[in-house]
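Q: I have a model on the bench screen and would like to know what lies behind the terms used for it. Please set each value against its cut-off.

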Amino acid sequence: MSAKRVLIAEDSSVIQNLARKILEFQNYEITSVKNGEQVLQILEKENFSIILLDINMPVMDGMECVRRVRALPDKEKAGIPVVAITGNAKNYTEEEFKTAGFNDVLVKPLNFDRLVEVVNQLTDK
């Protein structure tokens, strides 16, 4: 069975690297990008099991990015589970995250047990 692939979009390399190490330990294959535009570019070419999306990123933020993902013509890609990663969850309500198209929200500082739990849940189809 091929590894489940996780796309992490996060402009903080510290969080990116930590999440990568934690998830690689769980046998996920990790691809990291720095902003929402790169997410859309790589999605054109590759398939992922789940996307972890930081809300505050340069170029294109997570809210805009998840809306674009949900609007993709490829139904399979449009339906990929997407999890928000946010340092300021209070800027948005859970309802707003749901409406934008997120499946779940992780709040910084990241709780890595919860990260693994959410990723496992959403990719365990």
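A: This is a predicted model. Of the 125 residues of the protein chain, 46% count as buried, a label that requires a relative accessible area under 20%.

Q: Why is the protein chain called as compact as a globular protein of its length?
A: The radius of gyration is 13 Å, and the globule rule gives 14 Å for 125 residues. The two values are close, so the chain is as compact as a globular protein of that length. Along its principal axes the C-alpha trace spans about 35 × 35 × 25 Å.

Q: Which secondary structure elements does the protein chain have, and in what pattern?
A: There are six helices and five strands. Read along the sequence, they follow β-α-β-α-β-α-α-β-α-β-α.

Q: What share of the contacts in the protein chain with a separation of 6 or more comes from residues 24 or more positions apart?
A: Such residues account for 60% of those contacts.

Q: What makes Arg5 and Glu46 a salt bridge?
A: The closest N and O atoms of Arg5 and Glu46 are 2.7 Å apart. The cut-off is 4 Å between a side-chain nitrogen of Lys or Arg and a carboxyl oxygen of Asp or Glu, so the pair qualifies. Arg5 is in strand 1 (residues 4–9), while Glu46 is in the loop between helix 2 (36–45) and strand 3 (50–54), and the two are 41 residues apart.

Q: Is Glu46 buried, partly exposed or exposed, and how do you know?
A: The relative accessible area of Glu46 is 27%. Partly exposed covers values between 20% and 50%, so Glu46 is partly exposed.

Q: How do you know that Glu10 and Lys108 meet in a salt bridge?
A: Their N to O distance is 3.5 Å, and the limit is 4 Å, so the pair counts. Glu10 lies in the loop between strand 1 and helix 1 (13–25), and Lys108 in the loop between strand 5 (104–107) and helix 6 (112–123), so the salt bridge ties together parts that are 98 residues apart in sequence.

Q: Why do Glu10 and Lys108 get their accessibility labels?
A: Glu10 has a relative accessible area of 0%, under 20%, and is therefore buried. Lys108 has 23%, which falls between 20% and 50%, so Lys108 is partly exposed.

Q: What other salt bridge does Lys108 form, with Asp54, and at what N to O distance?
A: The side chains of Asp54 and Lys108 meet at 3.2 Å, N to O. Asp54 lies in strand 3 and Lys108 in the loop between strand 5 and helix 6, so this pair ties together parts that are 54 residues apart in sequence. Asp54, at 2% relative accessible area, is under 20% and so is buried.

Q: How many salt bridges does the structure hold?
A: There are eight.

Q: Why is Glu44 called exposed?
A: Its relative accessible area is 67%, and exposed means over 50%, so Glu44 is exposed. Glu44 is in helix 2. The C-alpha atoms of Glu44 and Ala78 are separated by 11 Å, with their positions 34 residues apart along the chain.

Methods: Residues are numbered from 1 along each chain as its sequence is written. This is a predicted model: local features need pLDDT of at least 70, side-chain atom pairs count only at pLDDT 80 or more; totals for chains, interfaces and linings use all residues. Side-chain values use heavy atoms; hydrogens and water are left out. Helices (H or I, at least four residues) and strands (E, at least two) are DSSP runs, numbered from the N terminus. Buried means under 20% relative accessible area, exposed over 50%, partly exposed in between (1.4 Å probe, protein chains only). The radius of gyration is taken over C-alpha atoms; the globule rule is 2.2 Å times the number of residues to the power 0.38. Contact means heavy atoms within 4.5 Å.
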